[in-house]
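Reader: I would like a close look at the open and enclosed space in this protein, with the ligand's surroundings included. Please take me through it in one connected account.

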Amino acid sequence: MTAQIIDGIALSRTLRAQVAADAARLQAAGHRPGLAVLLVGDDPASQVYVRNKVRACEEAGLHSVLERHPASLTQAALLERIAALNADPAIHGILVQMPLPAGLDPHRVIEAIDPAKDVDGYSTLSAGELLTGLPGFRPCTPLGCMKLLHSTGVDLRGLHAVVIGRSNTVGKPMGLMLLQAHATVTLCHSATRDLAAHTRQADVVVAAVGRRHTLTADMVKPGAIVIDVGINRDDAGKLCGDVDFAGVSQVASAITPVPGGVGPMTITVLLMNTIESAQRALARA
Ligand code: NAP
């Protein structure tokens, strides 16, 4: 079997065209959607991520603000900036790029963001809304994975989905979203005994670990759908995921590549959440 490639770039292109149309409509109504991205410190990967997010905003016609702060920024000064953006009517989404430098408390920082502008969906309120099935902002990466899964036409009801990784930003919300789609969900993590015994039973595997070759062909049931969230470098320095793509694509029925799978969808969902926030602000106006 040679797997169908689930193309995150193509799906993103389609969805971002809709984002651009929505942004133009909102702008015509005097509500241009705006996203503020805060980067603290000079982590090289974070610099690339924030640049890509701001560029995507510009391409889709959203207003964007990129604030760069030195790693020496105090917690109080960061909270002050967030308060100012909370009060800014031109800003509908606030994103603080993680990880933060040592000395800054990510939980306090995230909780300082107005829940109405929490387009990353990381706050405890947004997490609670996801847990209880209430409407709210969903974390961008797992929602992007759900959109990639839906794009294959698969009906997740009753399927067995195995998520490898249980972070608050990817693994846990991914498990909840799959559960809400009526899959039977197993969450695996670093203390899981015999990971392969779980993945071999899965109709859907989502790998979100951050270690290459976490999922190899012998660990995958023939015909399974595989979503690769991981971002790693191979020995040659090339970008790769958690999944041994060459091997697993011979066993799976569909698979996301790295790059070109989950990554672009994460940014696309961020834009969609910002549009949704602007639409809600317009409805409240
Ligand atoms: P994280 O917070 O480091 O979580 C990694 C998870 O993997 C943890 O739950 C950990 O278990 C689990 N794990 C570690 N070793 C394992 C093993 N041998 N077997 C099974 N599980 C294991 O990372 P994250 O933020 O969730 O991100 C995961 C990966 O996705 C990273 O490569 C990250 O760069 C990438 N990512 C990509 C995007 C994108 O847009 N493409 C977005 C976000 C993240 P414990 O909980 O027991 O430690």
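Author: What follows goes from the largest pocket to the ligand, then to the second largest pocket, the cavity and a few backbone features.

The model is a predicted one, and it is best to begin with the division of its chain, which falls into domain 1, residues 30–115, and domain 2, residues 140–263. Taken over C-alpha atoms, the centres of domain 1 and domain 2 are 29 Å apart. The largest pocket lies between domain 1 (30–115) and domain 2 (140–263), because both of them give residues to its lining.

In volume, the largest pocket holds about 1,300 Å³ of space. Its lining is made up of 47 residues, and those nearest the centre of the pocket are Y49, T141, I231, G263 and T266. Several elements each supply at least two residues of this lining, namely α2 (44–60), β4, α6 (140–151), β9 (232–233) and α10. The largest share comes from α2, which gives 9 residues to the lining of the largest pocket. Sorted by class, the lining of the largest pocket contains 23 nonpolar, 14 polar and 10 charged residues.

Turning to the ligand, its shell consists of 19 residues, of which R166, S167, S190, I231 and T266 are the closest. Two of these names, I231 and T266, also appear in the list of residues that lie nearest the centre of the largest pocket. Helix α10 (residues 262–284) provides the largest share of the shell around the ligand, with 3 residues. By class, the shell around the ligand holds 7 nonpolar, 10 polar and 2 charged residues.

The polar contacts of the ligand can be taken one by one. A polar side-chain atom of S190 is found 2.5 Å from an oxygen atom of the ligand, and an N or O atom in the side chain of T266 is 2.8 Å from an oxygen atom of the ligand. With H189 the partner is in the backbone, where a polar atom lies 3.5 Å from a nitrogen atom of the ligand. As for cover, the ligand taken alone exposes 920 Å², and the protein buries 68% of that area.

The second largest pocket comes next, and it contains about 430 Å³ of space. It is lined by 19 residues, among which H107, Y122, A127, N168 and T169 are the closest to its centre. Two or more residues of this lining come from each of α4 (106–112), α5 (124–132) and α7 (171–180). Here too both domains take part, since the lining of the second largest pocket draws at least three residues from each of domain 1 (30–115) and domain 2 (140–263). In class terms, the lining of the second largest pocket comprises 9 nonpolar, 8 polar and 2 charged residues.

Enclosed space is a separate matter. Rolling a probe the size of a water molecule over the atoms shows where empty space is left. The count gives 1 cavity of 30 Å³ or more, and the volume of the largest cavity is about 40 Å³. This largest cavity is lined by I94, L95, V96, M98, I110, I113, D118, D120 and Y122. Strand β4 (residues 93–96) accounts for the largest share of that lining, with 3 residues. The lining of the largest cavity includes 7 nonpolar and 2 charged residues, and no polar ones. Y122 is a residue that belongs to the lining of the largest cavity and is also listed among the residues closest to the centre of the second largest pocket.

The backbone features can be read alongside this picture. M98, one of the residues that line the largest cavity, is joined to P99 by a cis peptide bond with omega of about 5°, and P99 itself sits in the loop between β4 and α4. Another cis peptide bond joins V258 and P259, with omega of about 0°, and P259 is placed in the loop between β11 (254–255) and α10. Finally, H182, a residue other than glycine, has a positive phi near 70°, and its place is in the loop between α7 and β6 (184–188).

Technical notes. Residues are numbered from 1 along each chain as its sequence is written. This is a predicted model: local features need pLDDT of at least 70, side-chain atom pairs count only at pLDDT 80 or more; totals for chains, interfaces and linings use all residues. Side-chain values use heavy atoms; hydrogens and water are left out. A residue is near a molecule or strand if one of its heavy atoms lies within 4 Å of it. A polar contact is a pair of N or O atoms within 3.5 Å; within protein, one must be able to donate a hydrogen and the other to accept it, and residues adjacent in sequence count only if both atoms are side-chain atoms. Accessible areas come from the Shrake-Rupley method with a 1.4 Å probe; for residues, only the protein chains shown count as cover. Helices (H or I, at least four residues) and strands (E, at least two) are DSSP runs, numbered from the N terminus. Ala, Val, Leu, Ile, Met, Phe, Trp, Tyr, Cys and Pro count as nonpolar, Asp, Glu, Lys and Arg as charged, and the others, Gly among them, as polar. On a 1 Å grid over the protein atoms alone, a cavity is a set of points where a 1.4 Å probe fits but cannot get out, and a pocket is an open set with protein on both sides within 12 Å along at least five of seven lines; lining residues have an atom within 4 Å of a point. Grid points are joined across faces, edges and corners, and a volume is the space filled by probe spheres set on the points. Domain bounds come from an automatic or database domain assignment.
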